[in-house]
Amino acid sequence: MEPGPCSVIESFDMIGSKWKLIIINDLQNGEKRFNELKRSTEASSRTLSRVLQDLQEDEIVEKRVEDGNPVATYYSLTEKGLSLRPIFEEKNDWAEEWLE
């Protein structure tokens with residue numbers, strides 16, 4: 001069965017918010033700690049926590065916790081999240097051509 005408009009809309013619902021796109025794009029280069037993501041995305045702690053939780057629930061991002069003092073929390077893209085890389089590359093190509 002061919003994907004129709006509903007599947008396109010569903011995919012935008014899953015990854016299409018401003019913060020989700022920013023975080024997924026930021027994690028394209030590999031695993032980051034919470035505070036690294038906070039600095040690089042300029043998201044508030046509350047927003048970042050909420051969006052990371054949503055992305056984990058959708059199995060796009062995974063969390064890894066390392067014991068220590070303080071505890072280190074790392075986030076990275078899952079296989080599902082990494083499969084979005086070609087879409088982000090195309091988006092960047094499109095933006096370079098059409099946005100000034």
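Colleague: In which helix is the place of Thr 41?

Modeller: This is a predicted model, and reading it along the sequence gives the pattern α-α-β-α-α-β-β-α-α. Residues 34-41 form one of the helices in that pattern, and Thr 41 has its place there, in helix α3.

Colleague: Is Thr 41 buried or exposed?

Modeller: Leaving aside neighbours within four places in sequence, Thr 41 is in contact with Trp 19, Ile 22, Ile 23 and Asp 26. The relative accessibility of Thr 41 is 8%, and the cut-off for counting as buried is under 20%. Because 8% falls under that cut-off, Thr 41 counts as buried.

Colleague: Which backbone oxygen does the side chain of Thr 41 reach?

Modeller: Thr 41 belongs to helix α3, which covers residues 34-41. The side chain of Thr 41 comes to 2.6 Å from a backbone oxygen, and that oxygen belongs to Leu 37.

Colleague: What is the order of the strands in the open sheet?

Modeller: The protein has three strands alongside its six helices. Strand β3 pairs in the antiparallel sense with β1 over two bridges, and β3 also runs antiparallel to β2, to which six bridges join it. The open sheet of three strands therefore has β1 and β2 at its edges, each with a single partner strand, and its order is β1-β3-β2.

Colleague: Why is one side of β1 and of β2 left without a neighbour in the sheet?

Modeller: In the order β1-β3-β2, strands β1 (32-33) and β2 (61-66) stand at the edges. One side of each is left without a neighbour in the sheet because each has a single partner strand.

Colleague: Which residue in β3 is the bridge partner of Arg 64?

Modeller: Strands β2 and β3 are joined by a hairpin through five residues, and six bridges link the two strands. From β1, Arg 33 stands opposite Tyr 74 in β3, while Lys 32 has Tyr 75 as its bridge partner. For Arg 64, the bridge partner in β3 is Tyr 74.

Colleague: How many of the six residues of β3 are buried?

Modeller: In a regular strand the side chains alternate between the two faces of the sheet. On one side of β3, Ala 72, Tyr 74 and Ser 76 are buried, and on the other side Thr 73, Tyr 75 and Leu 77 are buried as well, so that both faces are covered. Across the protein, 29% of the 100 residues count as buried, and in β3 the number of buried residues is six of six.

Key:
Residues numbered from 1 in each chain as written. Predicted model: local features only at pLDDT ≥ 70, side-chain atom pairs only at ≥ 80, totals over all residues. Heavy atoms only, no water. Helix = DSSP H or I, 4+ residues; strand = E, 2+ residues; numbered from the N terminus. Buried < 20%, exposed > 50% of the residue type's maximum accessible area, 1.4 Å probe, protein only. Polar contact = N/O pair within 3.5 Å; in protein donor to acceptor, adjacent residues only side chain to side chain. Contact = heavy atoms within 4.5 Å. Pairing = 2+ DSSP bridges.
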